[in-house]
Amino acid sequence: MNILHLDSSVLGQNSASRALTATIVARLLRDAPQARVLHRDLAGEHALPHLDGASLAKSDPTEAARSARVMEDFLAADIVVLGAPMYNFGIPSQLKAWIDRVAVAGKTFRYTAEGPQGLAGGRKVIVAATYGGQHPVESGRNFVEPYLRQVFGFLGIDDVEVVSAEGLNISPASRSQALDAAQARIDHALPLAA
């Protein structure tokens, strides 16, 4: 089993989403110790520039090679563990830059007469979503979970599990309770079958 572990928080060691993705990966390795993990820090050493015309035209060999590597990493993964903190109601731009490299017509989806068809099915995505305030999906203020489900569904991935921690910036007690609940879900209730 190949696990692609992606972090996108700019908060480094103070990041709740990074703590949760690390716990998810540890849980996966506990259940499948032979699994291979590839970690990419999208807000650090593996940061990607925003998509531009040169990227799309593949006119810059360095950028073309970087984009090809990102696609290879994604397509080789059986499970993608993704840290997605909410920044201004959406995902970090670092994560969006990664999505722009894997949502590629002819590689991970195609257009047909019946509509778009995802080509990247057969893998699981586990999202660690973190929120400073209370942002349940049904509130209409949460664009993280619906967006990621839409993107991965468009790519043909229906197996998307979200572990969330809300209210992290309300108070130290709220942060602790939210992280404890998310950790417990990872340890005991998270379905991990790929």
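A pocket, as I use the word here, is an open set of grid points with protein on both sides within 12 Å along at least five of seven lines. Keep that in mind, and keep in mind too that this is a predicted model.

I will start with the largest pocket. It holds about 350 Å³ of space. Its lining is made of 15 residues, and those nearest the centre are Lys58, Ser67, Met71, Arg101 and Val104. Three elements each give two or more residues to that lining: helix 2, at 53-57, helix 3, at 61-76, and helix 4, at 93-102. Which of them gives the most? That is helix 3, with five residues. By class, the lining has eight nonpolar residues, five charged and two polar.

The second largest pocket comes to about 200 Å³. It is also lined by 15 residues, with Leu11, Thr130, Gly132, Leu168 and Asn169 nearest its centre. Here the lining divides into seven nonpolar, seven polar and one charged.

Next, the closed space. How many cavities of 30 Å³ or more are there? The count is one, and its volume is about 30 Å³. Around this cavity sit Leu4, Leu6, Arg40, Leu42, His46, Arg69, Val70, Asp73 and Trp98. Strand 1 and helix 3 are the elements that supply two or more of these residues. Helix 3 again gives the most, this time three. Five of the lining residues are nonpolar, three are charged and one is polar.

Now the packed parts. In soluble globular proteins, nonpolar side chains tend to be buried together. The largest nonpolar core in this model has 31 residues, and the members that touch the most others are Phe74, Leu95, Trp98, Val127, Leu148 and Phe152. Trp98 is a name you have already heard, from the lining of the cavity.

The elements that each supply at least two residues of this core are strand 1 (2-7), helix 3, strand 3 (79-85), helix 4, strand 6 (124-130), helix 5 (144-154) and strand 7 (159-165). Helix 4 gives the most, with five.

For one example from inside the core, take Leu148. Leaving out residues up to four places away in sequence, Leu148 touches Leu82, Ala84, Ile91, Leu95, Ile99 and Val127. Two of those contacts, Leu95 and Val127, are themselves among the members that touch the most others.

Apart from this core lies another, of 20 residues, including Ile3, Leu20, Val81 and Ala165.

That is the end of my part.

How values were computed: Residues are numbered from 1 along each chain as its sequence is written. This is a predicted model: local features need pLDDT of at least 70, side-chain atom pairs count only at pLDDT 80 or more; totals for chains, interfaces and linings use all residues. Side-chain values use heavy atoms; hydrogens and water are left out. On a 1 Å grid over the protein atoms alone, a cavity is a set of points where a 1.4 Å probe fits but cannot get out, and a pocket is an open set with protein on both sides within 12 Å along at least five of seven lines; lining residues have an atom within 4 Å of a point. Grid points are joined across faces, edges and corners, and a volume is the space filled by probe spheres set on the points. Helices (H or I, at least four residues) and strands (E, at least two) are DSSP runs, numbered from the N terminus. Ala, Val, Leu, Ile, Met, Phe, Trp, Tyr, Cys and Pro count as nonpolar, Asp, Glu, Lys and Arg as charged, and the others, Gly among them, as polar. A nonpolar core is a set of buried Ala, Val, Leu, Ile, Met, Phe, Trp, Tyr and Cys residues joined through side-chain atoms within 4.5 Å. Buried means under 20% relative accessible area, exposed over 50%, partly exposed in between (1.4 Å probe, protein chains only). Contact means heavy atoms within 4.5 Å.
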